[in-house]
Amino acid sequence: MRIRFWGTRGSIPRPGPETVRYGGNTSCVEVRSDDGTRILLDVGTGAHELGIALRDEAAAERLGGHLLIGHTHWDHIQGFPFFAPFFERGGQWDVYAPGGRTQHIEDTLAGQMSYDYHPVTVDSFDAAVRFHDLREGRFECGRVRVSTRYLNHPALTLGYRLEADGAVLVYATDHEPHSILPLDAAPGAEPVHYEDRRHLEFLAGADVVIHDAQFTLGDFPAKLGWGHTPVERAVDYAIAARVGQLVLFHHDPLRTDAEVDALLELARERAARGDFVPDVRAAAEGETLELPRREAAPRREPAAVERVPSALLPKEPPRASTVLLVEDDPDMTAVLRGALEPEGVRLIHAGDGESALAVARRDRPSLVLLDLKIPMLDGLEVCRRIRGEGDARLRRVPILILTGNRPDERGMLEAFRAGATDFLTKPVKPTLVRSRVRGWLLRRLPEA
Ligand SMILES: [Zn+2]
Ligand SMILES: [Zn+2]
């Protein structure tokens, strides 16, 4: 497997003399497996130069490949309208991105090329371009096995795990730890939040992990909810997941080359203090990594990957899902209604613990948003009782706890023991609620 970086920057392109070494273009990574399968991870502005290189390299009829888009924030799709091979007759391209929202990925990408934003539309592509909506699961691109995993970002975002030729690459960018606590955790310490542990499973044993490392722990809490990883935590994940090489990615547009050097130094120092020492580098535009072919199976196959469903979503829009909101504060109820109802969610409401149980039994929701401080029964007790119900659907329903302040380690473990699935911290960001709730609902869809 060969990996080449065409864009390493997050948020907005940052060309200029201070970013020549690590690069100014936004996210785009090219991957080629030994059998020639071509995969592009995101199509930020880096995809422009990559497209030209591809067009010059191969005859049009042999041009083709798979575009795996993590999410559709601009820094990950801005090169899409400028990708030269789309304008070469005979090319065959498959485009994948997180779907299952109110519109298909094809319409979202066509939107950025509509008349107001761009001189040509998707209809003017000369190559055959097919679009696929994805969720968490697995599928194949040629002989490359792809697994996807929802990341924590204020847009529905997927990470990609690619396995081919006995090598494993994980691309996980635009992701905030579900909990960065405790702040003084030892390098490589096991995370407290269950979703962070699942993230480790996704990275487990990879030869290379390209990971979001936009901020530092010092930048938090000012950057809390922005959807990015402090570099210290990216290192901790690489240690705990026994990753061969960690590549720091999605460099902040405000960081100069010298500042990325300093970030890399910080990361290497932390890595050296772990009980396993991954190699660490910072992604640099134009650089290539060669992963040696291994005949044997990867070092550590995550068991969970074998059980997951197909990642490919059917074309018809998902049916409206019912979400039970248990919340006694009318302002918070209005905020959540405003965030979720335009997403096609049917929101039902209960203002206290007793009625929450009654409504849950009657309406059998697909997800529960549960405030901890509510009248009658407190939230944790509601959680325990739902898990003790005779109805298997209720016993397994995802329960997202709404907490007034960031829960400490003990409070979080207590809620997990009571049966909580995940947490949303107030004040909630509508964009973050939307992507988190959508992700949980899509995970629960039956096999297509
Ligand atoms: Zn981004
Ligand atoms: Zn983003």
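**A two-zinc site and its surroundings**

At 2% relative accessibility, Asp174 falls under the 20% limit and therefore counts as buried. The model in which this residue is described is a predicted one, and Asp174 is placed in the loop between E10 and H3. The backbone of Asp174 has a phi near 65 degrees, a positive value in a residue other than glycine. As a general background to this value, most residues other than glycine have a negative phi, and most peptide bonds are trans. Asp174 also coordinates both the zinc ion (ligand 1) and the zinc ion (ligand 2), which are 3.6 Å apart.

The coordination of the zinc ion (ligand 1) is supplied by Asp75 through OD, His76 through NE2, Asp174 through OD and His250 through NE2, at distances of 2.1 to 2.2 Å. Along the sequence, these donor residues are spaced D-H-x97-D-x75-H. The angles subtended by the 4 donor atoms around the zinc ion (ligand 1) run from 92 to 169 degrees, and the arrangement is therefore irregular. His76 belongs to the loop between strand E4 (64-68) and strand E5 (92-98), whereas Asp174 belongs to the loop between strand E10 (167-172) and helix H3 (194-203), so that the pair ties together parts that are 98 residues apart in sequence. With a relative accessibility of 0%, His76 counts as buried.

Around the zinc ion (ligand 2), the donors are His71 (NE2), His73 (ND1), His153 (NE2) and Asp174 (OD), at 2.1 to 2.8 Å. The 4 donor atoms of the zinc ion (ligand 2) subtend angles of 87 to 174 degrees, and this arrangement is irregular because of that range. For comparison with these values, ideal angles at a metal are 109.5 degrees for four tetrahedral donors, and 90 or 180 degrees for six octahedral ones. The spacing of the donors of the zinc ion (ligand 2) along the chain is H-x1-H-x79-H-x20-D. Distant parts of the chain are linked by the pair formed by His153, in the loop between strand E8 (144-150) and strand E9 (158-164), and Asp174, in the loop between E10 and H3, the two residues being 21 residues apart. Both His153 and Asp174 are buried.

The second largest pocket holds about 370 Å³ of space. Its lining is made up of 19 residues, of which Thr72, Arg101, Pro154, Ala155 and Leu156 are the closest to the centre of the pocket. Helix H2 (105-111) and helix H12 (430-443) each contribute at least two residues to the lining of the second largest pocket, and H12 gives the most, with 4 residues. When the lining of this pocket is divided by class, 5 residues are nonpolar, 9 are polar and 5 are charged. Domain 1 (2-307) and domain 2 (321-443) each provide at least three residues of the lining of the second largest pocket.

Further features concern the backbone. The peptide bond from Leu181 to Pro182 is cis, with omega near -10 degrees, and Pro182 is located in the loop between E10 and H3, the loop in which Asp174 is also placed. A cis peptide bond is likewise found from Phe220 to Pro221, with omega near 5 degrees, and Pro221 lies in the loop between strand E11 (208-212) and helix H4 (231-240). A positive phi, near 70 degrees, is present in Ser11, a residue other than glycine. Ser11 is situated in the loop between strand E1 (2-7) and strand E2 (28-32), and with a relative accessible area of 39% this residue is partly exposed.

Ala58 is located in the loop between helix H1 (46-57) and E4. The relative accessibility of Ala58 is 12%, and the residue therefore counts as buried. The C-alpha atom of Ala58 is separated by 33 Å from that of Gly244, a residue 186 residues apart from Ala58 along the chain.

Note on methods:
Residues numbered from 1 in each chain as written. Chains lettered and ligands numbered in written order. Predicted model: local features only at pLDDT ≥ 70, side-chain atom pairs only at ≥ 80, totals over all residues. Heavy atoms only, no water. Donors = N, O, S within 2.8 Å, 3.2 Å for Na, K, Ca; no water. Tetrahedral: all angles 85-135°; square planar, octahedral: opposite > 155°, others 65-115°. Buried < 20%, exposed > 50% of the residue type's maximum accessible area, 1.4 Å probe, protein only. 1 Å grid on protein atoms, 1.4 Å probe; cavity = no way out; pocket = protein on both sides within 12 Å on 5 of 7 lines; lining within 4 Å. Points joined across faces, edges and corners; volume = space filled by probe spheres on them. Nonpolar A, V, L, I, M, F, W, Y, C, P; charged D, E, K, R; others polar. Domains from an automatic or database assignment.
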